[in-house]
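Welcome! Take a moment to look over the chain before reading on, and keep the 3D view open as you go.

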Amino acid sequence: MCGGVAIILDFFEENNQFKNQDDSMAFRFVCNSLSFQIDYEVVDKVKGYFPHIGVTAREGICVLYRVAGDNNWFNINSYANVSPINITMSHFVEKDEQYEIIIFGPIIGKLSKLQVIIPDDAEGSIINPNPNRNMVVAGGFNSFGIGCTTTGCMFSNILERKFNANVSHVTFNTLNYLENVCHYYKKGVPPVVDVGILELDNYTQHESLVEEVLPDVIRFMKLRCKHLIGWYSISDSKDFKKIIANNTIKDFIYNKDLEVLDLSYLHDDEHKEMCTFSDVYINDTGNIMIYKELEECIRRVTKWNI
């Protein structure tokens, strides 16, 4: 850092839009420095055994960049249990070249501090959430990110950066998550968004909840989402769950209230080795496949470009 007064970008200062965004994982800024520091703290860490989640996804951060005018994002690195972090950009960008950084926070744990320190001879500013493209991702294990090495590989976070959208997470690391999603939409007035993405069912959820609660969840979400996309990925060992889910939602499909993606092929013989850890957990590659299917559907219903 230079000898003058450094520029400090504080994402959680009192007047910043990020301060009360508990349902968002992404933090962005633009800069032209060849180096900067990230100072962060993670609180509410959950103690336990999490073999299907990378340590940086549990309690660290993932940092990516793109050059101004380029739509492609590139990984810088992922970090955990170390702060502040010194990041050198000289092998990614030219001197004085402007670039954008996106920082994804952890899924098990919460950022209580996030500051970026930039040398005084450079420029940098926070990019606030995009008000023109808004999505919500609701669901259980798979939507929560269980199975991901880093949060940058979560399908919801790929959607966020690829569509340059503001993505909120209504996701739960619980067996019967539909109850939690339903409670979220019942208890208050969730924001109206362009696209809602709902995990309709998974391998572990109790079948009776799908029949009893899923219709209410769809109705609640449809009131707050201009377009609603449902998806599931269930192995053939529980084929009956697909039948129950499809019977439960058939009227919504007929009325064109819901687009549905059956991504169960992730568990077939051709894909399961690369895309899953087990019948329950979907890994990084599987999340990329989910993103690709959702991207095509979102572009079709919204006419958005990326």
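## Buried or exposed?

A residue counts as buried when its relative accessible area is under 20%, as exposed when that area is over 50%, and as partly exposed in between. Keep in mind that this is a predicted model.

Let us try the idea on a helix. Which residues of α3 are buried? They are Phe-155, Ser-156, Asn-157, Ile-158, Leu-159, Glu-160 and Arg-161. Helix α3 spans residues 155-162, and because seven of its eight residues are buried, the rest of the structure largely encloses it. Just after α3, you can find Asn-164 with a positive phi of about 50°.

## Two domains side by side

Now step back to the whole chain. The domain assignment splits the protein into domain 1 (7-127) and domain 2 (134-302). In this contact, 22 residues come from domain 1 and 22 residues from domain 2. Taken over C-alpha atoms, the centres of domain 1 and domain 2 are 27 Å apart.

How much area is buried between domain 1 and domain 2? The value is about 1,800 Å², with carbon and sulfur atoms giving 56% of it. Between the two domains there are seven residue pairs in polar contact, while zero salt bridges are found across the interface. On the side of domain 1 that touches domain 2, at least two residues each come from β2 (26-31), α1 (55-59), β4 (60-67) and β7 (99-104). Strand β4 gives the largest share of that side, three residues. Sorted by class, the side of domain 1 that touches domain 2 has twelve nonpolar, seven polar and three charged residues.

## A buried asparagine

Next, find Asn-142, which sits in helix α2 (residues 141-144). With a relative accessible area of 5%, Asn-142 is buried, because that value falls under the 20% cut-off.

What does the side chain of Asn-142 make a polar contact with? Its partner is the side chain of Glu-199, at 3.0 Å. Setting aside neighbours within four places in sequence, Asn-142 also touches other residues, among them Phe-155, Trp-231 and Ile-282. Phe-155 is a residue you have already met, as one of the buried members of α3.

## Pairs of opposite charge

Side chains of opposite charge can pair when their charged atoms come close. The structure holds 14 salt bridges. One of them joins Arg-28 and Glu-100, whose closest N and O atoms are 3.0 Å apart. Arg-28 belongs to strand β2 and Glu-100 to strand β7, so this pair ties together parts that are 72 residues apart in sequence. Both Arg-28 and Glu-100 are buried, and together with Arg-66 they are linked in a network of salt bridges.

A second salt bridge runs between Lys-113 and Asp-39, with the closest N and O atoms 2.9 Å apart. Here, too, distant parts of the chain are linked: Lys-113 is in strand β8 (residues 110-118) and Asp-39 in strand β3 (residues 35-43), 74 residues apart. Lys-113 is partly exposed at 24% relative accessible area, whereas Asp-39 is buried at 17%.

For a third example, look at Glu-59 and Lys-45, where the closest N and O atoms are 3.8 Å apart. Glu-59 lies in helix α1 and Lys-45 in the loop between β3 and α1, so the pair ties together parts 14 residues apart in sequence. Glu-59 is buried, with a relative accessible area of 17%, but Lys-45 counts as partly exposed at 43%.

Note on methods:
Residues are numbered from 1 along each chain as its sequence is written. This is a predicted model: local features need pLDDT of at least 70, side-chain atom pairs count only at pLDDT 80 or more; totals for chains, interfaces and linings use all residues. Side-chain values use heavy atoms; hydrogens and water are left out. Domain bounds come from an automatic or database domain assignment. Contact means heavy atoms within 4.5 Å. Buried area is the accessible area (1.4 Å probe) that two parts lose on being put together, summed over both. A salt bridge is a side-chain nitrogen of Lys or Arg within 4 Å of a carboxyl oxygen of Asp or Glu. A polar contact is a pair of N or O atoms within 3.5 Å; within protein, one must be able to donate a hydrogen and the other to accept it, and residues adjacent in sequence count only if both atoms are side-chain atoms. Helices (H or I, at least four residues) and strands (E, at least two) are DSSP runs, numbered from the N terminus. Ala, Val, Leu, Ile, Met, Phe, Trp, Tyr, Cys and Pro count as nonpolar, Asp, Glu, Lys and Arg as charged, and the others, Gly among them, as polar. Buried means under 20% relative accessible area, exposed over 50%, partly exposed in between (1.4 Å probe, protein chains only).
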